[in-house]
Amino acid sequence: MTIDAPADSATPALVVSRIIAASPEVLFDAWTDPRSLAAWMQPGDATLTEVSADARVGGEFSILMHMPGSPVLHRGTYLEVDRPRRLVFTWRSRFTDDDDTVVTVDFRVTDAGTEVAVTHERLPHDAARAAHDAGWTDCLTELAAWVGRD
């Protein structure tokens, strides 16, 4: 089951990907389990992340990243949950001008592991695009390190 995503904007989609030595199931679950998300979704200077997540179509999540100076709250709604292939959700925070953007995470098996591709659409401006490029890159690095600890 899926919920229709909001219409696209004129801003080009951002795509960040990484091959991680883990199964699609392990990686998908890391994106939907609140404890796992809190452990690795700590981009940049984040020192602590608090997560609540109801990973079902129509369910909501909140991710509070504690950054130097002030915390940053990210919220959204799950639009598609297709374990272990795809996860789609809205994403909004002060860095999206508190407007809904859309994130699609695809999990593809490769010879070296699983490619995790994050596509972020409807970012409001170039500064938001640059910030999310850095953030998603950091998050995929943290995710790879987190699953590598097991």
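This is a short dialogue on reading the sheet, the helices and the empty spaces of a predicted model.

Me: In what order do the strands of the sheet lie, and is the pairing parallel or antiparallel?

Reply: Read a sheet strand by strand, from one edge to the other. Here seven strands form an open sheet, in the order β1-β7-β6-β5-β4-β3-β2, with antiparallel pairing. The edges are β1 (14-20) and β2 (48-53); each has a single partner strand, so one side of each is left without a neighbour in the sheet. On average, neighbouring strands are turned by 20° against each other, direction ignored.

Me: How many bridges join β3 to β4?

Reply: Seven bridges join β3 (residues 60-66) to β4, and the two run antiparallel. As one place to look, Phe 61 stands opposite Gly 76 in β4.

Me: Which strands does helix α1 touch?

Reply: Helix α1 (residues 24-32) packs on the sheet and touches β1, β2, β4, β5 (86-91), β6 (101-110) and β7 (113-121). The direction of α1 makes about 160° with that of β6. Helix α3 also packs on the sheet, where it touches β1, β5, β6 and β7. The direction of α3 makes about 15° with that of β1.

Me: Where is empty space left?

Reply: Rolling a probe the size of a water molecule over the atoms shows this. In this model, the search finds one cavity of 30 Å³ or more. About 60 Å³ of space lies in the largest cavity. Its lining consists of Trp 31, Leu 37, Met 41, Phe 61, Ile 63, Tyr 78, Phe 89 and Trp 91. Two or more of these residues come from each of β3 and β5. By class, the lining has eight nonpolar, no polar and no charged residues.

Me: What is the volume of the largest pocket, and which element gives the most to its lining?

Reply: The volume of the largest pocket is about 330 Å³. It is lined by 20 residues, and the closest to its centre are Pro 43, Met 67, Phe 95, Ala 131 and Gly 135. Helix α3 (126-148) gives the most, with seven residues. Strand β4 (71-82) supplies at least two. The classes in this lining are twelve nonpolar, five polar and three charged residues.

Me: Where is Arg 92 found, and with which side chain does its own make a polar contact?

Reply: Arg 92 is in the loop between β5 and β6. Its side chain makes a polar contact with the side chain of Asp 100, at 2.8 Å. Leaving out residues up to four places away in sequence, Arg 92 touches Leu 73, His 74, Arg 75, Gly 76, Asp 98, Asp 99 and Asp 100.

How values were computed. Residues are numbered from 1 along each chain as its sequence is written. This is a predicted model: local features need pLDDT of at least 70, side-chain atom pairs count only at pLDDT 80 or more; totals for chains, interfaces and linings use all residues. Side-chain values use heavy atoms; hydrogens and water are left out. On a 1 Å grid over the protein atoms alone, a cavity is a set of points where a 1.4 Å probe fits but cannot get out, and a pocket is an open set with protein on both sides within 12 Å along at least five of seven lines; lining residues have an atom within 4 Å of a point. Grid points are joined across faces, edges and corners, and a volume is the space filled by probe spheres set on the points. Helices (H or I, at least four residues) and strands (E, at least two) are DSSP runs, numbered from the N terminus. Ala, Val, Leu, Ile, Met, Phe, Trp, Tyr, Cys and Pro count as nonpolar, Asp, Glu, Lys and Arg as charged, and the others, Gly among them, as polar. Two strands pair if DSSP finds at least two bridges between them. Axes are lines fitted to C-alpha atoms, for helices over the stretch in contact, and angles run from 0 to 180 degrees between N-to-C directions. Contact means heavy atoms within 4.5 Å. A polar contact is a pair of N or O atoms within 3.5 Å; within protein, one must be able to donate a hydrogen and the other to accept it, and residues adjacent in sequence count only if both atoms are side-chain atoms.
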